[in-house]
Amino acid sequence: MFGFVGNYQTTEVFKRHVTGVVSTLEMAVTGLDHPEQIVVALNKLGMIHNAHGIRQDHYDILDEALCLSLEQALGTSYNSTVKKAWRIVFKMLTHSMMAA
């Protein structure tokens, strides 16, 4: 996915990408009442990702990483309802991006 190997967590490219992922998640959550407003932005982002060869299995890996991160951060507050809600949001994001 990324054009580098090794200790990727410390590269600026990786840090910018993680920041972008979190910003996109924030945009999706704040726009849940009006998803049509974020679809345009997600389609543009999807075109970029599609041009770089990002596939559904890449999004699936990110989905798992997101769930693990939320589980660690939320502790006992992370339950099946919370997990399902986040998975719905993430599937909406990836569907919009892959459809571009």
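**Entry 1: the whole chain**

I began with the contacts in the protein chain that have a separation of 6 or more, and found that residues 24 or more positions apart account for 64% of them. I note for myself that this is a predicted model.

Next I looked up the secondary structure, which comes to four helices and zero strands. Reading from the N terminus, I wrote the order down as α-α-α-α. The radius of gyration came next: 14 Å for the protein chain, close to the 13 Å that the globule rule gives for 100 residues, so the chain is as compact as a globular protein of that length. For the box, I took the C-alpha trace along its principal axes and got a span of about 35 × 30 × 20 Å. I also checked burial, and 24% of the 100 residues count as buried.

**Entry 2: α2 against α4**

I turned to helix pairs. Helix α2 covers residues 35–51 and helix α4 covers residues 80–98; they pack at an angle of about 60°, and their axes are 7 Å apart. I call α2 and α4 oblique to each other, because 60° falls outside the 65 to 115 degrees kept for roughly perpendicular and is not under 35 either. For handedness, I have the crossing of α2 and α4 down as right-handed.

Then I listed who makes the contact. From α2 I have Pro 35, Ile 38, Val 39, Leu 42, Asn 43, Leu 45, Gly 46, His 49 and Asn 50. From α4 come Met 92, Leu 93, Ser 96, Met 97 and Met 98. Sorting the residues of this contact gave me nine nonpolar, five polar and no charged.

**Entry 3: α1 against α4**

I tried the same with helix α1, residues 12–30, which packs with α4 at an angle of about 105°, the axes being 10 Å apart. That puts α1 roughly perpendicular to α4. On the α1 side I noted Thr 24, Leu 25, Ala 28 and Val 29; these meet Trp 86, Val 89, Phe 90, Met 92 and Leu 93 in α4. The tally for the contact of α1 with α4 is eight nonpolar, one polar and no charged. Met 92 and Leu 93 were already on my list for the contact with α2, and here they turn up facing α1.

**Entry 4: Leu 25**

I picked Leu 25 from that list, a residue of helix α1. Its relative accessible area is 11%, so I count Leu 25 as buried. Setting aside residues up to four places away in sequence, I find Leu 25 touching Leu 66, Trp 86, Phe 90 and Leu 93. I also took a distance to Ile 88, which is 63 residues away along the chain: the two C-alpha atoms are separated by 12 Å.

**Entry 5: Asp 63**

Is Asp 63 buried or exposed? I looked it up in helix α3, residues 56–74. Asp 63 has 4% relative accessibility and therefore counts as buried, the cut-off being under 20%. Leaving out neighbours within four places in sequence, I see Asp 63 in contact with Arg 87, Phe 90 and Lys 91. Phe 90 also touches Leu 25, so I put a cross-reference to Entry 4.

**Entry 6: Val 13**

Last, I went back to helix α1 for Val 13. With a relative accessible area of 40%, Val 13 is partly exposed. I took one distance here too: Val 13 and Gly 46 lie 33 residues apart in sequence and 18 Å apart in space, C-alpha to C-alpha.

Definitions and conventions
Residues are numbered from 1 along each chain as its sequence is written. This is a predicted model: local features need pLDDT of at least 70, side-chain atom pairs count only at pLDDT 80 or more; totals for chains, interfaces and linings use all residues. Side-chain values use heavy atoms; hydrogens and water are left out. Axes are lines fitted to C-alpha atoms, for helices over the stretch in contact, and angles run from 0 to 180 degrees between N-to-C directions. Helices (H or I, at least four residues) and strands (E, at least two) are DSSP runs, numbered from the N terminus. A crossing is left-handed if the near helix is turned anticlockwise from the far one by less than a right angle, and right-handed if clockwise. Contact means heavy atoms within 4.5 Å. Ala, Val, Leu, Ile, Met, Phe, Trp, Tyr, Cys and Pro count as nonpolar, Asp, Glu, Lys and Arg as charged, and the others, Gly among them, as polar. The radius of gyration is taken over C-alpha atoms; the globule rule is 2.2 Å times the number of residues to the power 0.38. Buried means under 20% relative accessible area, exposed over 50%, partly exposed in between (1.4 Å probe, protein chains only). Angles under 35 degrees count as roughly parallel, over 145 as roughly antiparallel, 65 to 115 as roughly perpendicular and the rest as oblique.
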